[in-house]
Every structure is written in structure tokens, then in C-alpha cells.
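Reader: I've just opened this one and I'm not sure how to read it. Could you walk me through a few features?

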Amino acid sequence: MTRKDLFRALSYGLGRVGIAICDFGALVMPLPFLYGFANSIGYLGYCFARRHRSIAIESLTRAFGKEKSSQEVERIARKCFNAMAGTAVEFFMFMRYPERIRKFVEIQGLEHLDRALAKGKGVVAVSAHFGSFPLLLSRLALEGYKVHTILRHMRDAKLDKFFEGKRDRMRVGSIYTQPRPECVNKSLKALRDNEVVFAQLDQNFGTGGLFVDFFGTKAATATGPIVFSMRTGAPLVPMFIYRVKGARHKIVIEPGLDVAENGSREERMLDAITKLTVLIEAYIRKYPHEWGWIHKRWKARPKEEIKTEVDHEV
């Protein structure tokens, strides 16, 4: 076994132990203690996950550097780690006690989803890695909506199966991004069956996406959700979830958006992606600690920027 294999095995093992602790804690701890436990995990994560802490502060500074002080940026980063830990811990609590979901999760704007589904072409639900999005999916499934989420396979196959089982229990379907033909076929089938396909539009998509402004900087953004909408006629329905207080959350479903009919294919996609990204940014600005700042959102750069940098070096 190489050093890399040993490190991977150790990392996966620690991850499974952490998940088991969270799962057990969700079973035995009363709610007030559960969130205190989550805050402790968040604090430890902020202190010891140096790389992720660095990425969070760098990302926050890029987004808010001209608006917020370094102290405010650090405060948001700390709250972000606490929010992620809280989301992780309560995921297990709600999966064990699904009857609590209706009690603690309010929905606003459900009429927008119903109006979109009434067209009979399915719905592409667009969101971000914002708030407790697994809870959003579970709440919709409890209301009787047929929901599927598009997601990547986890590196640890055992944990991947574990979480898929949790989603199955809540009747949330899993559509994996790979293999790509299977992802496309399953997504299109769900939409043609007038079901909801949930996609997150806020992560770096490398050279394969379109670049749109996100906090004043161009960011590579996936086009898949818009392509699905264009192929099936399914409306794009933005939806978000944020924590109100303690275990209480609020889901907000925005009015549906249809892709423009005029212009070239790329112009139509760019218009839709820009509108959705503006909305995602608005929610992040309002609740900044709810977003996953530990992701390198601006890693990919437009070709013209790279060319300019090379020309300057020459």
C-alpha cells in the first residue's frame, strides 16, 4: 500500500467515524444539546481544517472585501463552519425523526411550484449549496412531490451508499452526474414524467460552463439545468432554504422562469444563467453564512483573461 493509499484509507475511516458519531448524537441528544454539539464541531473544524478555512476567508474577501472588514469576514467564516456542522448533525436527526420536518420547516411560495407543474412538463428546481438543502428536498417529498436531486458520487463508495439509502428513505431520488449519458436520460425522463429535478448552480464548472458575474467576478457556471429546460419546456423554479432559529427553517420558492425564446442558443442560456445567478447572489448577500464558502467558486478563468495574463508576462 502506497502512502497515498494509506492516507486515503485513513481519511475515509475518520470520515465514517465522524458520521457515526453525528448519527448516534442525533439519536440520543435533546435538540438544545444537539446544536451545542454541532457548534463544537464547527469550532473544531474552523480551528483545524486550515485549508478549508483559508479558502473560506479568501472567497469571502473576494466577494465582500470592499464592503466588509477582515473581522467581519472572519466572523462570517466562523458562522459558515457552524452552519455546515449544524446542517450535518440535524440531517441525521431529521432522517431519524422525519415527523419533525413538517413541524420545523415552513414553506413559502408553494403555489409557484404547483403552477409550474401544472404545465405538465416537469420542473427544474434551481438552487445552491445554501442552507440545509437536503432538508428542502425531504420537505417537498413529504408533501407528495416526486423529487430527484442531481449530485456527484462521493469518493468514499461506502458513504455514498449510506447517504443514498438515507435519501431513498425520504423518497428523494438520486441522479448521479456520472456516467453523463445516464444522468441526462434519467433527468429527462423525470421531467417528462412531470417530476421535479433539483440542481445546484453555484459551483465552479471549469471550461465547460458559461462565465457570468458572481460578486463582481466572472465565474464558470453549469449549463445543464438550462439545457434540460430548453429540451423539455420545463420551467426553471428557483428555491432556497435558510435557518430561522434553532431547528426552524424556511423554504422560499420563487416564481418560475422560462428560458427566452429569442436569440441564439448561447444567448438564451446566458440570459437564464445570469438571472438565476443574480438571484443566488442576492440570497447569499442576505444570509452569507448559509453558503459554502469553502468551495473555490472562481477557480476557472475565462480564456480572454488567461490570454491577457500570458501577454503581460511575455
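Author: Let's go through a pocket, some ring pairs, and a few backbone oddities. One thing up front: this is a predicted model, where local features need pLDDT of at least 70, side-chain atom pairs count only at pLDDT 80 or more, and totals for chains, interfaces and linings use all residues. Residues are numbered from 1 along each chain as its sequence is written, and side-chain values use heavy atoms, with hydrogens and water left out.

Reader: How do I read a pocket, and which residues line the second largest pocket?

Author: Rolling a probe the size of a water molecule over the atoms shows where empty space is left. On a 1 Å grid over the protein atoms alone, a pocket is an open set of points where a 1.4 Å probe fits, with protein on both sides within 12 Å along at least five of seven lines, and lining residues have an atom within 4 Å of a point. Here, the second largest pocket is lined by Tyr35, Asn39, Lys79, Asn82, Ala83, Gly86, Arg243, Gly246, His289 and Glu290. About 220 Å³ of space lies in that pocket, where a volume is the space filled by probe spheres set on the points, joined across faces, edges and corners.

Reader: Which helix gives the most to that lining?

Author: Helices (H or I, at least four residues) and strands (E, at least two) are DSSP runs, numbered from the N terminus. Helix 2 (31-48) and helix 4 (70-96) each supply at least two lining residues, and helix 4 gives the most, with four. By type, the lining divides into two nonpolar, five polar and three charged residues. For that split, Ala, Val, Leu, Ile, Met, Phe, Trp, Tyr, Cys and Pro count as nonpolar, Asp, Glu, Lys and Arg as charged, and the others, Gly among them, as polar.

Reader: Now the rings. How many aromatic pairs does the structure hold?

Author: Rings of Phe, Tyr and Trp (its six-membered ring) pair if their centres lie within 6.5 Å; planes under 30 degrees apart are stacked, over 60 edge-to-face, and the rest tilted. The structure holds 19 such pairs. Take Phe91 and Phe163: their centres are 5.7 Å apart and their planes at 50 degrees, so the pair is tilted. Phe91 lies in helix 4 and Phe163 in helix 8 (residues 157-169), so this pair ties together parts 72 residues apart in sequence.

Reader: Are Phe91 and Phe163 buried or exposed?

Author: Both are buried; that means under 20% relative accessible area, with exposed over 50% and partly exposed in between (1.4 Å probe, protein chains only). Next, look at Phe130 and Phe240, an edge-to-face pair at 6.1 Å centre to centre and 85 degrees between the planes. Phe130 is in the loop between strand 2 (123-127) and helix 7 (133-142), and Phe240 is in strand 8 (residues 236-245), 110 residues apart. Phe130 counts as buried at 1% relative accessibility, and Phe240 does at 2%.

Reader: What about the backbone: where is Arg171?

Author: Arg171 lies in the loop between helix 8 and strand 4. Its phi is positive, about 65 degrees, although Arg171 is not a glycine. At 71% relative accessibility, Arg171 counts as exposed. Phe215 also isn't a glycine, and its phi is about 55 degrees, but Phe215 is buried, with a relative accessible area of 6%.

Reader: And which residues does a cis peptide bond join?

Author: Gln178 and Pro179, with omega about -5 degrees. You'll find Pro179 in the loop between strand 4 (172-176) and helix 9 (180-192).
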